[in-house]
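Biologist: I have a structure open and want to learn how to read it. Where do we start?

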Amino acid sequence: MSVIVEHLTRQFTQGGTPAVSDVSFQAPSGAITTLLGPSGAGKSTLLRIIAGLELPDAGRVLIEGVDCTNMPVQQRGIGVVFQSYALFKHMTVRKNLAFGLETRRLPRAEVEARVDEMLKLVQLEELGERYPGQLSGGQRQRVAFARALAIRPKLLLLDEPFGALDSRVRVELREWLQSLHERTGVTTLLVTHDQEEALEISQHVVVLSEGRVAQEGPPEEIYDRPATPFVASFVGGTSVLRGQVQSGRARVGSLVVEAPQSAREGETVQAFVRPHDIKLVKPAQGAEEPTASLVKRLKPVGGYVKVLLKLPTGESMAVEVPRSEFDNLGVVEGDLVHADVRMAKVFVGDYVI
Ligand code: ADP
């Protein structure tokens, strides 16, 4: 394990809730690990502690087995990329890349060679003589990556690196980052609130909520087996339905789904259902349909159709149906449909998310 974080706690205000509270996790060597959570979950504070920009009140940070908790930033061998590009405006791209190397007193020829290598790595060979103001947002962020990697860091820390870019460039840079990582293999910690980004880019995900680790594991595990109602609702954009355990199964309104093994008869349950995990079936013509749901609203959005259902219980549920499937289904607003929610994640209890 390249980065090990043990029982980190950081409280900014006395008597207040800690920004980071007893956080422990391990980031595998050579992998991209994401710290994923909503705004205020403590992600940036954790990253700043690992970078050495912030001291914890308690706990330790080990990088490649060395306790770095009290080590100055410059000695940690870490490259950092923030959301804002933080490039020197009055320096060319080349000078920006050379700056950190010169302060490390590398020989001139070596600095030049390293700058060339980095420009090639981030595919900006042609733009070395430009100033940051003459680059697009995506290009500037690639320079920021080059600058962070130029010092050959043991660890790359990325704090919402694509947060300031528009969505098309963000998606492009996600792919770019994956290919960059394949070429460098540098152990990377990425902070994001974007679950899609986390699931796509990383090999390991640490989900944070209110300064604590809610779940840690490979992205597929986080998505398929959320450990808590918070993770289930945060990862996947779900509808929440309330119900009870009856005859060993979770009865949620008119819908019946698998109950957790620990559930006891009569207990309250909550089912978390993802919009694209729901299958809609049109009822047979003329049949009595007390368990069917009403199609309240239909809205085509690109490749799929957003369907808002009103369940017999009065609860609302959002469904996303691929365009072709929707065309075959042939429903209009005001129709009744059956909603198959077998993929629901069910938790015992009544949580407020
Ligand atoms: P995230 O990166 O997940 O959005 P942060 O780590 O930035 O979360 O913040 C976690 C909590 O700590 C928030 O409630 C934030 O207001 C608080 N916080 C962060 N930095 C400071 C600071 N320097 N002083 C006081 N409170 C802070």
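Modeller: With the ligand, and with a caution: this is a predicted model. The residues surrounding the ligand are F12, A19, P38, S39, G40, A41, G42, K43, S44 and T45.

Biologist: How many residues of that shell are nonpolar, polar and charged?

Modeller: The shell divides into 4 nonpolar, 5 polar and 1 charged.

Biologist: Which polar atoms should I look at around the ligand?

Modeller: Look for N or O pairs within 3.5 Å. A polar side-chain atom of K43 lies 2.8 Å from a ligand oxygen. The backbone takes part in such pairs too. A polar backbone atom of A41 is 3.0 Å from an oxygen of the ligand. For G42, a polar backbone atom is also 3.0 Å from a ligand oxygen.

Biologist: How much of the ligand does the protein bury?

Modeller: Taken alone, the ligand exposes 560 Å². The protein buries 53% of that area.

Biologist: Now a helix. How do I read α3?

Modeller: Begin with its length. Helix α3 covers residues 108-121, 14 residues in total. From first C-alpha to last, α3 reaches 20 Å, close to the 20 Å expected at 1.5 Å a residue.

Biologist: Which residues of α3 are buried?

Modeller: Here is the general idea. An α-helix has 3.6 residues a turn, so residues three or four places apart point the same way. Now the case. In α3 the buried residues are V111, R114, V115, M118, L119 and L121. Viewed down the axis of α3, they fall within an arc of 155°, so they line one face of the helix.

Biologist: And what is exposed on the other side of α3?

Modeller: A109 and K120 are exposed there.

Conventions
Residues numbered from 1 in each chain as written. Predicted model: local features only at pLDDT ≥ 70, side-chain atom pairs only at ≥ 80, totals over all residues. Heavy atoms only, no water. Near = heavy atom within 4 Å. Polar contact = N/O pair within 3.5 Å; in protein donor to acceptor, adjacent residues only side chain to side chain. Areas by Shrake-Rupley, 256 points an atom, 1.4 Å probe, with all protein chains shown as cover. Nonpolar A, V, L, I, M, F, W, Y, C, P; charged D, E, K, R; others polar. Helix = DSSP H or I, 4+ residues; strand = E, 2+ residues; numbered from the N terminus. Expected span 1.5 Å × (residues − 1). Buried < 20%, exposed > 50% of the residue type's maximum accessible area, 1.4 Å probe, protein only. Arc of directions from axis to C-beta.
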